[in-house]
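Got your viewer open? Let's take a walk through this one, stop by stop, with something to select each time.

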Amino acid sequence: MSIVPKETIEVIAQSIGINSLSPDVALALAPDVEYRMREIMQEAIKCMHHSKRTMLTTDDVDSALNLRNVELIYGFASGDPLRFKRAVGHKDLFYIDDKDLDFKDVIEAPLPKAPLDTSIVCHWLAIEGVQPAIPENAPVEVIAAPSDNKKPEQKDDLPVDIKLPVKHVLSRELQLYFDKITDLAVTRSDSVLFKEALESLATDSGLHPLVPYFTYFIADEVSRGLNNFRLLFALMRLVGSLLQNPHIHIEPYLHQLMPSVVTCLVAKRLGNRFADNHWELRDFTANLVASICKRFGHVYNNLQTRLTKTLVHTLLDPKRAMTQHYGAIQGLAALGPNVVRLLVLPNLETYMKLLEPEMLLEKQKNEMKRYEAWRVYGALLRASGQCIYDRLKLFPLLSSLPPNAVWRTNGRVVTAMPNNKRKANADLLEQQPPHKKVATDGPMVIQSNNSMPSDIRGDLGVAAPLGDSEAVPSSSSSSRRIPSEGISGSSGSRVSSSRGGDQALKMSAVLNQAWKDDLNSGRLLVSLFELFGEGIFNFIPSPEMSLFL
Amino acid sequence: MDEEEIEKAVIAYLKKKGFKQTELAFQEEQQHHTKNSSSNSSSSTDPDIAKHLLSFSESDNVPAQYHDGYSKLRSWTYSSLDLYKHELIRVLYPVFVHCFMDLVAKGHIQEARNFFNSFREDHEMMHLRDLQKLEGVLSPCHLEEMEFAHSLRQSKVNLKICQYSYELLLQYLHKTQSITMLGVINEHINFQVSPGQPSSISDDEGVTLVGSGQDAANLINQKEIHWGLLEDSLEERLEKAGSLLSDLEKVDGESKEGDLDESKKRAVEGGKQGASLKKLKKDKVVGATGKAARIETNTVPAAPRVKSELTLPAMPTEVEHSILEDLRNRVQLSSSALPSVSFYTFINTHNGLNCSSISHDGSLVAGGFSDSSLKVWDMAKFGQQTGSSILQGENDFATSEHVLGADGGKRYYTLFRGHSGPVYSASFSPFGDFLLSSSSDSTIRLWSTKLNANLVCYKGHNYPVWDVQFSPLGHYFASASHDRTARIWSVDRIQPLRIMAGHLSDVDCVRWHSNCNYIATGSSDKTVRLWDVQSGECVRIFIGHRSMVLSLAMSPDGRYMASGDEDGTIMMWDLSSGRCVTPLVGHTSCVWTLAFSCEGSLLASGSADCTVKLWDVTASTKVLKTEENKTGSTNRLRSLKTLPTKSTPVYTLQFSRRNLLFAAGALSKSV
C-alpha cells in the first residue's frame, strides 16, 4: 500500500531489538514512515534551494532533519554529490558504491594536499551587452546556440550580434573529384579522360557542393590563362557540362560565371598562337551564352539585356578588333533571329561601310586582318541570313502563282540588278501614287487567293513606296533599289489582282496587321539583298527563292 | 424498491454496525408485522427514498463508487462539447483531489492509492507539486496534520463556469445517479455561474487550491497602496537644482550611520557623462514622520511622491555627495544600450557557497558558506580592478583573519565567524559599511565592514532565516524565515518591530519596496505577498507561480515587481492592480536572483542554468497600457540578451548606482 513495504518495517524493528512486532503495527507504521520521509525530503529540497544548488546532497537531508529536531544521520557527509550505481538486473534499484578502505593504507598514505582556499576571480561577462571572447567566458558556440533558438520568438528588429560562420564540409571524395577534374582541365584537356570527365560533370547528381569551387576555379583560370587557348576551351566545355547537369542549381553562381564566359566570347586575343582556332571557341561560347540566356533569362530578368548591351556596344565600337566584332556578332546571332533583327540589322548598313574596305585586297594589305574581316562578313551574313530565313519560314509554302508571273518579276529583278543605281528620283516620285493604290489593293489580293508567295511579292511591291516615303533622306541606296523591286512587285500584284478580280473585297484589321509584318520582312529582305548581294539567297528557302528570283 | 430488499439492507447495516439488540428487535418486529398485517400493504414507500436507502446499503463498496464515479465523470467530460470542455475539465481536478482525500479519510488507504495513481497523469502537468505533496498522505491523521490537505478540506474551490456548462454537469450527475460525485462537487466546489458564453481557454489560469482562495486574495488586493517614491529624494533634488549644497539642512541624529567615505568608485563608467538623471531609487532622508500622503493617480507618468511612514535615518553629507556624483555619472540603459556586466566568480568553494552579496558600488563581495562562515572580499584591493579606490582605514582588526591567496598575489578576504549554521543570506547596507547575515541557526547578525567585527546578534526567529535585506535607506531591515513569518527590524533594537504572518509555507525571500513603506515576500506556498510595514498588514497577494518563489525584485519607480520561481519562470507584477503583467519564460532552471537597472528600463535575471538574461521592461509596460485599448497579443517581455557563463550558476545580481551590473556565482564543474 505504501512505497515502504511492511517487511521493511519488520526488518528495521528487528534491527533495533524488537523481535515480536505484530503485523498490524508494521502495517500501520509503513504509511507513516513514507509520509515522514516525504516530509523530510520536502524540507531537504527547501534547504537545497537556499544553498543555491539544484542537486540534493546529504547535507540538505541533515539540515532538514535538523529542522525537524531529529538526530542527524552520520557518516554520509560528502562534499560531492553521491555517486549511485544501478544494481545489475534491476530497473530502479541503486546503491552507493562504497569501497572498503584499509586503515593501514590510509595511515601510511602521505598527507593529502590542503584544499585550495576559496577566492574570487573577476572578469567581464559582457561589455555594453556584448560578450568579450576571453577564456573566462563561455565559448562562442555556446553563445550562438541559444541565440538560434531565440530567433523565432524575437521577430522584432533586435540586432543579432553573433553570426555563425557557415560551415561547408566537403567530403574527401568530392575533394578528390574536384582536384582530378581541375587537373585534367588544366593539363590534359584533349584526352579521352577529359571527355569522360565532362560527361560525368554533365550527369552526376552529387556535385552540387562543388559548384562554388568550380565557379571560382573557372573565373580564376580564365582571368589568368587568356593566352592559353586550350585551357580556355576546356574551361568553356566545363561550363557547358555544368550547365547541362540537371541536378545542379547553378543559378546563384551565374553572376560569377558570366564574366568569364563573355570574356571568352569577345576578348581581343584568345590564345597566343596563330594556329589557335579561336573562331571555334567563340562559336562554342556563343552557343553557351545563348543557352544560359534561354535557361535563366526568366529568373535573371536583366541577364539578356545586359549581355546584349555588352555585345552591341562591342560591335558598334569601330576601335575594337575584328575578332571582338566577330564574337559579338556570333553571340547576338546565337541569341536568336529576333535579337539580330532588332539589334544588328538596323546598324548593318553603317557597319558594312566600315567593313567593306577591310575586306578588299587593295585597301587592306594585312592578310591576317583581311581574313578576319572576311570572317566577320561571313558571320554577319549568316546572322542576317538566319534572321531572314526565320522570317520567311513563317509563311507556309504555297506557290500558287503562275510561273509566268514569277518569271516576269524575276526578269525584272535581274534586269534591275545592273542598273539598280541608275533610277532617277523623278521617276520614283512619279510612280508613287500608283504604288500606293496598289498597296491598298494588295491585301485583298492576298486574301482572295491565299497565296503567301504572292503575298510577299505584293508586299515587296507595297513595301517599296512606303519605305521610300519614310526613309528617303536616310537610306538612299535602298530607296534607289526599291523602286525597281516595287515595280516588279506591283506588276505581280497587278497580275494577281486582275486575276483574282472582285472575289475578295473584305478587309479585316487582323489581316492588316499580318500584312504589316510581312511588309517589314519584305523590306528587310530587300535591304539585305542590297547589302550582301546574292550571298543572302542561300538562306532563303528554295520556293521563295525561286519566287524571288 | 422492493420492501424486502430494503429490509434486508437495513438488517445488513445493523449487522455490520454490530447493533445486535436492535437487529433482533427489528427482526422480531418485522415478523410480528408480517404476521399481523400481511394484507395491509399500506407501506407505500417512496421509490426515491428506497433508492437512497439501497445506495447507502452499498456503502461497503465506497472505494469502487468513487473510482467508477470519477472515471465516468472523466470520460463524460472528455467527450463533452468542445466549446464547454475546458470548463468542465477544470472541475475534474478538485473532484479528483477531494475524492482521494475522502477515500483516505474513510480509511480506504489502498484504494485511495490506486485511485490516485490511475488518474494522476491527467493533472500532472498543471499541479505536479500539489500531487507530490498529496501522494504522501497515507492515513486520516496525515490529512489533519498536513497543512495543505487540511486547508483544502476546509475551504471550497471557486470555479467560474458558464450557465450551460453548469447545466450540462448537473444534468449528467442526476441522470447517471452518481450521488458520490454529486456529493463531492456540492461539498467542495463553489460554482460561480456566469451567463453567456464560456470563458476562453487562454484566461484559464488553472485551479488554485490555495487555502485562502482567490476570493480572499481579491479582497486583500483591493486595498489601497501608495507605490510612489518618497518625497524629496536625492534624484528629485538633483533634477530641481544644479546646486545641491543649498538645501542640506541635515538632521544630526542617527549617528548609527557613522561617517564614512563612500568615495571609492569604479571608474569604468567614469567617462560617460551626461546620463540623464530621472526619477530614481535612492531616496533622500526625510526628517519628518508622517502618515502617507494621498495617493496620486496612477496614470501620471512620473512616479507619484509619498511620504515615508517610517522614521528614516539621516544621511551623512559626504555620502549624499558621492551618491549624487554617481547619479550624475549614470549610464542610461535601454533595450539598445545594454549594461556592462562584471562577473565575480567564486572558485574552490567545494560546494559550500550558499549565498553571495555585492555592495552597491561593487567594491565589497560577501559570501555565506555552509560551514557557518561569512567571508568578505574587498575587490578594490584587487590589482586588476580598474579605478583607484581610497582604502579606508587599516584592516588588521582583531577578529578578522587575512588570508594570502594561493597563487602568491595578495588575495584578501575577511572572515567573519559567529554563526553556528549555514549562512543563507547576506546583505550590505546601502553605503557598504554594514553587513547583515542570516543563518540556519535562526539568528541574524550585523557586522561592521569597518571594524571587521560582529556588532549585534538578532534573535527572534525560531527556524532558519532564509533571507535578510537592508532597507533602501539602511537602518531597517527585513528577514524571512522557515517559521513562515517575515519580520521587520531596526539595527538598534534586538527585538523585531513587526512580524508579518500569513504565508502558508516558508517565506523564502524578502525585498523592500523602494519607498520603504512596503516589503514583498515570496514563499514556498507559491504566492508573493506585499506587506505594509507600518501596519504589518498584508496588502497584496500575487497568485500565479506554479512553484516555490525564489527571488524578488522591485522596480525603482515602485510600480512593478518581478518574481522568479523554481521552474525558471519570472513574473512581472503590477503592484497597484495585483495582476501579473507578463510572465517571462526563458530560464530552464531556478531563478536565483533578479535585479532592475537603476532607471527601471531593464531587468536582469540570474539562474541555475548558468545564464544572465536581460529583459526589456519598458516594452512590456508599454504593451500593458496599449493592451487595454486593443486586445494586444504580444504582451511578453522581450528577452534582450542571454549571457551564458562558463558553468557558473548566477547567485547574485546587483546594479551599481551608475548602472554597471555586478554578478556573482560559484564555479561548479558538475553543472
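Start by selecting V33 in chain A: V33(A) is found in helix α2, residues 23-50 of that chain. Keep in mind as you click around that this is a predicted model. Is V33(A) buried, exposed or partly exposed? V33(A) has 18 C-beta neighbours inside 10 Å, so it counts as partly exposed; being buried would take 20 or more.

Now add I9(A) to the selection. I9(A) and V33(A) are 24 residues apart in sequence, and their C-alpha atoms are 8.7 Å apart in space. Setting aside neighbours within four places in sequence, V33(A) is in contact with I9(A) and also with V4(A).

Zoom out and show chain A on its own. You'll find 21 helices and three strands there. Of the 549 residues of chain A, 34% count as buried. Look at contacts in this chain between residues at least 6 apart in sequence, and 67% of them join residues at least 24 apart.

**A pair of helices in chain A**

Select residues 211-224 for α8(A) and residues 254-266 for α10(A). Two packed helices are described by the angle between their axes and the distance between the axes. Here the angle is about 35°, and the axes are 9 Å apart. The crossing of α8(A) past α10(A) is left-handed. To see who does the touching, pick T215(A), I218(A), A219(A) and V222(A) from α8(A), then Q256(A), L257(A), P259(A), S260(A), T263(A) and C264(A) from α10(A). By class, that contact has six nonpolar residues, four polar and no charged ones.

**Where the chains meet**

Bring chain B back into view. How many residues of chain B are in contact with chain A? The count is 66 in chain B, facing 42 in chain A. On the chain B side, α6 (109-135), β5 (341-347), β6 (353-358), β8 (374-378) and β29 (638-644) each supply at least two residues. The one that gives the most is β5(B), with seven residues. Colour the side of chain B that touches chain A by class and you get 34 nonpolar, 24 polar and eight charged residues.

Stay with β5(B) and select residues 119-126 of chain A, which is strand β3. The two strands pair across the chains in the antiparallel sense, over seven bridges. For a landmark, find H123(A), which stands opposite F343(B) in β5(B).

**A four-stranded sheet in chain B**

Next, show β14 to β17 of chain B. They make an open sheet of four strands in the order β14-β15-β16-β17, with antiparallel pairing. Which strands stand at the edges? Those are β14(B) (465-470) and β17(B) (498-501); each has a single partner strand, so one side of each is left without a neighbour in the sheet. From one strand to the next, the twist averages 20°. Zoom in on β14(B) and β15(B), the latter at residues 476-481: five bridges hold this antiparallel pair. V468(B) stands opposite S479(B) there.

**Into the core**

Select I519(B) and A663(B). These are the residues with the most contacts inside the largest nonpolar core, which has 111 residues. Leaving out residues up to four places away in sequence, I519(B) touches A478(B), A486(B), I488(B), V510(B), R511(B), W512(B), H513(B), W531(B) and V533(B). Another core lies apart from that one; it has 63 residues, among them L198(A), V222(A), L238(A) and A383(A). You've met V222(A) already, in the contact between α8(A) and α10(A).

**Last stop: a covered strand**

Finish with β28(B), residues 611-616, where six of the six residues are buried. In a regular strand the side chains alternate between the two faces of the sheet. Which residues of β28(B) are on each side? T611(B), K613(B) and W615(B) are on one, while V612(B), L614(B) and D616(B) are on the other, and all are buried.

Select the strands paired with β28(B) too. β27(B), residues 602-607, runs antiparallel to β28(B) over five bridges. These two form a hairpin with three residues between them, and C610(B) in the turn has a positive phi of about 65°. Six bridges join β28(B) to β29(B), also antiparallel. Centre on L614(B) to see both pairings: its bridge partner in β27(B) is A604(B), and K641(B) in β29(B) stands opposite it.

Notes
Residues are numbered from 1 along each chain as its sequence is written. Chains are lettered from A and ligands numbered from 1 in the order in which they are written. This is a predicted model: local features need pLDDT of at least 70, side-chain atom pairs count only at pLDDT 80 or more; totals for chains, interfaces and linings use all residues. Axes are lines fitted to C-alpha atoms, for helices over the stretch in contact, and angles run from 0 to 180 degrees between N-to-C directions. A crossing is left-handed if the near helix is turned anticlockwise from the far one by less than a right angle, and right-handed if clockwise. Two residues are in contact if their C-beta atoms, placed from the backbone, lie within 7 Å. Ala, Val, Leu, Ile, Met, Phe, Trp, Tyr, Cys and Pro count as nonpolar, Asp, Glu, Lys and Arg as charged, and the others, Gly among them, as polar. Two strands pair if DSSP finds at least two bridges between them. A nonpolar core is a set of buried Ala, Val, Leu, Ile, Met, Phe, Trp, Tyr and Cys residues joined through C-beta atoms within 7 Å. A residue is buried if 20 or more other C-beta atoms lie within 10 Å of its own, exposed if 12 or fewer, and partly exposed in between; C-beta atoms are placed from the backbone.
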